[in-house]
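Reader: Please take one part of this model and look at it closely. Then work outward to whatever surrounds it.

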Amino acid sequence: MSWIREMFKTEKAIIGLLHLTALPGDPFYEGSMEKVIRQAREDLDALQEGGVDGVLLTNEFSLPYEKQVSKVTLGAMGRVVGALEGRFRVPYGVEAIYDADATIEICAAADASFSRCVFTGAYAGDLGLVDRDVAKTLRLRRALGMQNLKLFYFVNSEGEVYLNDRSPEEVTKTMLFNCRPEALVVAGGMAGSSPADSLLAKVKEAAGDAAPVFCGTGCRPDNIGQILRVADGAFVGTTFKKDGKFTGAVDYERVRAFMDKVCSIRGE
C-alpha cells in the first residue's frame with residue numbers, strides 16, 4: 001500500500017487548498033483575525049463537505065511573499081489552526097509559502113501530517129532571489145522529531161526561473177537522490193495556471209516509482225481527467241472558489257461537482 005492511499009484512503013488523492021486571507025503584518029491585512037478565522041472555518045467546511053481527500057492551509061494572501069516568514073505570520077497561522085481544532089475530518093497540512101524552515105516549524109506546532117514547499121534550488125523572479133537550503137530544512141525536521149511529516153517538493157517554482165540550465169527530468173532525478181522527497185509537485189506559472197501536460201509526463205517518467213507526482217496548480221473539471229492519467233494526485237485551489245476566481249471563497253457546489261467527477265475517474 002502506498003503512503004498516499006494509507007494517509008488519504010484513496011489513490012489519485014485531491015488535496016483542497018485552504019487559502020488564508022491576509023494576516024497581521026501582511027500589506028493587505030484587513031485588521032480582523034476573527035474575520036480570518038471565520039472565513040477559514042467556512043472554507044474548511046465547504047472543502048470537507050464537498051468531498052476532498054485532504055486539506056492544505058496556506059498563507060496564500062500574504063502577498064508579496066516573504067523569503068523568511070515573519071513571526072507574526074506564523075503566530076497568526078497557528079492561531080487559525082488552533083481555532084479549527086476538532087473540525088478536521090481529513091488529513092491536513094500547513095504551508096508557510098516560500099519559507100521551508102518556517103513550514104516545518106508551523107507543521108510541528110500544528111501537528112500536521114504533510115506539507116509542500118519550494119524546498120530546493122535557487123530561483124529568480126518578482127521576489128528577487130529565492131535560495132533554499134534543504135540540508136538545513138531536513139535537519140530541522142529531524143531535530144523537531146517530525147520524520148513522519150510527508151513533504152511534497154516543488155520540482156519547479158511558480159512564475160520564476162530556475163538558476164541553472166538542467167532539465168526538469170535531471171532536477172527530478174538529483175532531487176530524489178539527494179533529498180528522498182516523499183512526493184513531488186509540478187506547478188504552472190501561477191495559482192490557477194496548469195503546467196504543460198508534457199512537463200507533468202516528463203517529471204512522472206523521471207520519478208518512476210521513487211515518489212508520487214502531484215499537479216500543483218490549474219486543475220479544472222475539463223482537464224482533471226487528463227491530469228490524473230499522468231499524475232498521482234493534485235492540489236486544487238482556485239477551481240473550488242466562487243466563480244472560479246482566486247480571490248473568492250470556497251464554493252461547496254463547485255467542490256462537490258469536481259469531486260463527483262474525480263470519484264467517477266477513480267471508479268468510486
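Author: Start with one term: a residue is buried under 20% relative accessible area, exposed over 50%, and partly exposed in between, using a 1.4 Å probe and protein chains only. Helices (H or I, at least four residues) and strands (E, at least two) are DSSP runs, numbered from the N terminus. The model is predicted: local features need pLDDT of at least 70, side-chain atom pairs count only at pLDDT 80 or more, and totals for chains, interfaces and linings use all residues. Residues are numbered from 1 along each chain as its sequence is written, and side-chain values use heavy atoms, with hydrogens and water left out.

The part to look at is helix 4, residues 100–110. It is mostly covered, with eight of its 11 residues buried. The buried set opens with A100, D101, A102, T103 and I104. I106, C107 and A110 complete the set. What covers them? Two helices are among the cover: helix 3 (71–83) and helix 5 (134–143). Strand 3 (92–95), strand 4 (114–117) and strand 7 (150–154) also contribute.

Now the two ends. D99 caps the N-terminal end of helix 4. One of its side-chain oxygens lies 3.3 Å from the backbone nitrogen of D101. That is a polar contact: a pair of N or O atoms within 3.5 Å, where within protein one must be able to donate a hydrogen and the other to accept it, and residues adjacent in sequence count only if both atoms are side-chain atoms. Just after helix 4 comes D111, with a positive phi of about 55°. Most residues other than glycine have a negative phi, and most peptide bonds are trans.

Follow D111 to M146. The two are 35 residues apart along the chain, and their C-alpha atoms are separated by 9.2 Å. M146 sits in the loop between helix 5 and strand 7. It is buried, at 13% relative accessible area. Contact means heavy atoms within 4.5 Å. Not counting residues up to four places away in sequence, M146 touches C107, A108, A112 and R141. C107 is one of the buried residues of helix 4.

Helix 3 is part of the cover of helix 4, and T73 belongs to helix 3. T73 is buried, with a relative accessible area of 1%. Beyond residues up to four places away, T73 touches L23, P24, D26, N59, S62 and E66. The loop between strand 2 and helix 3 holds P64. The peptide bond from L63 to P64 is cis, with omega near -15°.

Strand 2 (residues 54–58) contains V55. V55 is buried, at a relative accessible area of 0%. Setting aside neighbours within four places in sequence, V55 is in contact with residues including Y92, G93 and F114. Its partners also include I15, G16, L18, L44 and L47. V55 and V94 are 39 residues apart in sequence, with 8.5 Å between their C-alpha atoms.

Last, helix 9. Strand 1 (13–19) and helix 2 (33–50) help to cover its buried residues. Helix 8 (224–230) and strand 11 (233–236) also take part. Helix 9 runs from 252 to 266 and has 15 residues. From first C-alpha to last it reaches 21 Å, close to the 21 Å expected at 1.5 Å a residue. The expected span is 1.5 Å times one less than the number of residues. Its buried residues are V255, F258, M259, V262, C263 and R266. These cover an arc of only 140° around the axis, which puts them on the same side of helix 9. The arc is taken from the directions from the helix axis to the C-beta atoms. An α-helix has 3.6 residues a turn, so residues three or four places apart point the same way. The face turned away from the buried side carries exposed E253 and S264.

Helix 9 also has its end details. At its start, a side-chain oxygen of D251 reaches to within 3.0 Å of the backbone nitrogen of E253. G267 follows the helix, with a positive phi near 75°.
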